[in-house]
Amino acid sequence: MSLTDLTFDHWRALDRDTAVRYAEEAARHVDGRLVRLVGTPHLGGVVHHAVVERAGELYALIPGGEVTVGFDPDAWQPLPEQLVSYREESLGGGFGFDEDPRAHLARVMSPRRTVALPTVLMAVEAEPLPELPALVPALLAGRGLRVPGPDAWEHACGAGAATLFRWGDDCPQGAPYGTEGTGPRHAPNAFGLHIAYDVYDTAEMTADPGSVYGGDGGEAVCGGYGTFMEWLPLATAHHNPSMAEFLNGPDGEDAFEDFKVRPVIDLD
């Protein structure tokens, strides 16, 4: 089986030696080298995460195939403390949020859907936008890279998890910002990416101007929207339509350097 035929389901079933062979093939394909392959507990089993170094930059192998991404608010079972936070802090603060938190999620989360994605390498760390969003695809193409689409970003972040966050449905103890700590937001995800870990990080752009992910620049924290709403920008499917509108509007021309992009290398 070639890399182009490698799927997420197949990747999850591989033994370590076979996973190493695929990862080394991916590294050779981009004139890089495999620097790490680690088994990570995920979805009741173990998922290998493979990291490749290319030209001094680190990329994780993201197997594709037919995968399910997005979030279904109707199927969501909020934890009691999340409901208390939303009702008492978010609604009680008079911010004009929907009475039903599911209605709010329906507006800011992408819908649950099944998509077909290629297997790619994706940057372990996002990088600041070098230019206005409209100019970024051409700049990345000059480096043999491209901007990820929303489906690819969500799959790379959640790695098949249907939960609100990549680690589950809960909001861990502590604040959702800062680089110090040992909670689940600090750990690499199942594919080895450092992703969706700090709400003060301004969002990452995608190929869809209406979808940015991974943070809100601290809007919810600074606005005092409440604990649940502070954590929500780190949700895998939170595509932040208001932040996307800001980035791609006239105001974004003076603030694009505060946003990021997570480059992708195609393997076909």
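# Pockets, a cavity and a run of paired strands

The second largest pocket is lined by 17 residues, and those that lie nearest its centre are Pro 41, His 42, Arg 166, Trp 167 and Ala 190. Before I go on, please keep in mind that what we are looking at is a predicted model, and that residues are numbered from 1 along each chain as its sequence is written. The volume of this second largest pocket is about 210 Å³. If you ask which element gives the most to its lining, the answer is strand S1, with 3 residues, while S1 and helix H6 each supply at least two residues. Sorted by class, the lining of the second largest pocket has 10 nonpolar residues, 6 polar ones and 1 charged one.

Let me stay with S1, and follow the strands from there. Strand S1 covers residues 33-42, and 9 bridges join S1 to S2, with the two strands running antiparallel. As one example of how the residues face each other across this pair, Val 38 stands opposite His 49 in S2. The two strands form a hairpin with 2 residues between them, and in that turn Leu 43 has a positive phi of about 55°. Strand S2 itself, which spans residues 45-54, is mostly covered, in that 8 of its 10 residues are buried.

From S2 we move on to strand S3, residues 57-62, which pairs with S2 in the antiparallel sense over 4 bridges. Here Glu 53 stands opposite Leu 58 in S3, and Arg 54 stands opposite Glu 57 in S3. S2 and S3 also form a hairpin, again with 2 residues between them. On its other pairing, S3 is joined by 4 bridges to strand S6, residues 120-123, and these two strands run antiparallel as well. In S6, the residue that serves as bridge partner of Leu 61 is Leu 121.

Now I would like to pause on the backbone angles, beginning with a general remark. Most residues other than glycine have a negative phi. With that in mind, look at Ala 55, which has a positive phi of about 55° although it is not a glycine. Where does Ala 55 sit in the chain? Ala 55 is found in the loop between S2 and S3, and at 68% relative accessibility it counts as exposed, because the cut-off for that word is over 50%. A second case is Asp 31, another residue other than glycine, whose phi is positive and near 60°. The place of Asp 31 is in the loop between helix H2, residues 16-29, and S1. Is Asp 31 buried or exposed? With a relative accessible area of 73%, Asp 31 is exposed.

Let us turn to the largest pocket, which has a volume of about 310 Å³. The elements that give two or more residues to its lining are helix H4, residues 101-108, helix H7, residues 219-223, and helix H9, residues 241-248. The largest share of that lining, 3 residues, comes from H4. In total the largest pocket is lined by 16 residues, and Phe 97, His 104, Val 108, Glu 219 and Ser 242 are the ones that lie nearest its centre. When we divide the lining of the largest pocket by class, we find 9 nonpolar, 4 polar and 3 charged residues.

Last comes the space that is closed off inside the model. How many cavities of 30 Å³ or more are there? The count comes to 1 cavity, and the largest cavity has a volume of about 70 Å³. The lining of the largest cavity is made up of 16 residues, of which Gly 70, Arg 112, Glu 154, Ala 161 and Thr 236 lie nearest its centre. Strand S4, residues 65-69, and helix H6, residues 150-158, each supply at least two residues of this lining, and the largest share, 3 residues, comes from H6. By class, the lining of the largest cavity divides into 7 nonpolar, 7 polar and 2 charged residues.

To close, I would point you once more to helix H6, which supplies at least two residues to the lining of the largest cavity and at least two residues to the lining of the second largest pocket. When you turn the structure on your own screen, you might begin at S1, pass through its hairpin with S2, and then go on through the hairpin of S2 and S3.

How values were computed. Predicted model: local features only at pLDDT ≥ 70, side-chain atom pairs only at ≥ 80, totals over all residues. Heavy atoms only, no water. Buried < 20%, exposed > 50% of the residue type's maximum accessible area, 1.4 Å probe, protein only. Pairing = 2+ DSSP bridges. 1 Å grid on protein atoms, 1.4 Å probe; cavity = no way out; pocket = protein on both sides within 12 Å on 5 of 7 lines; lining within 4 Å. Points joined across faces, edges and corners; volume = space filled by probe spheres on them. Nonpolar A, V, L, I, M, F, W, Y, C, P; charged D, E, K, R; others polar.
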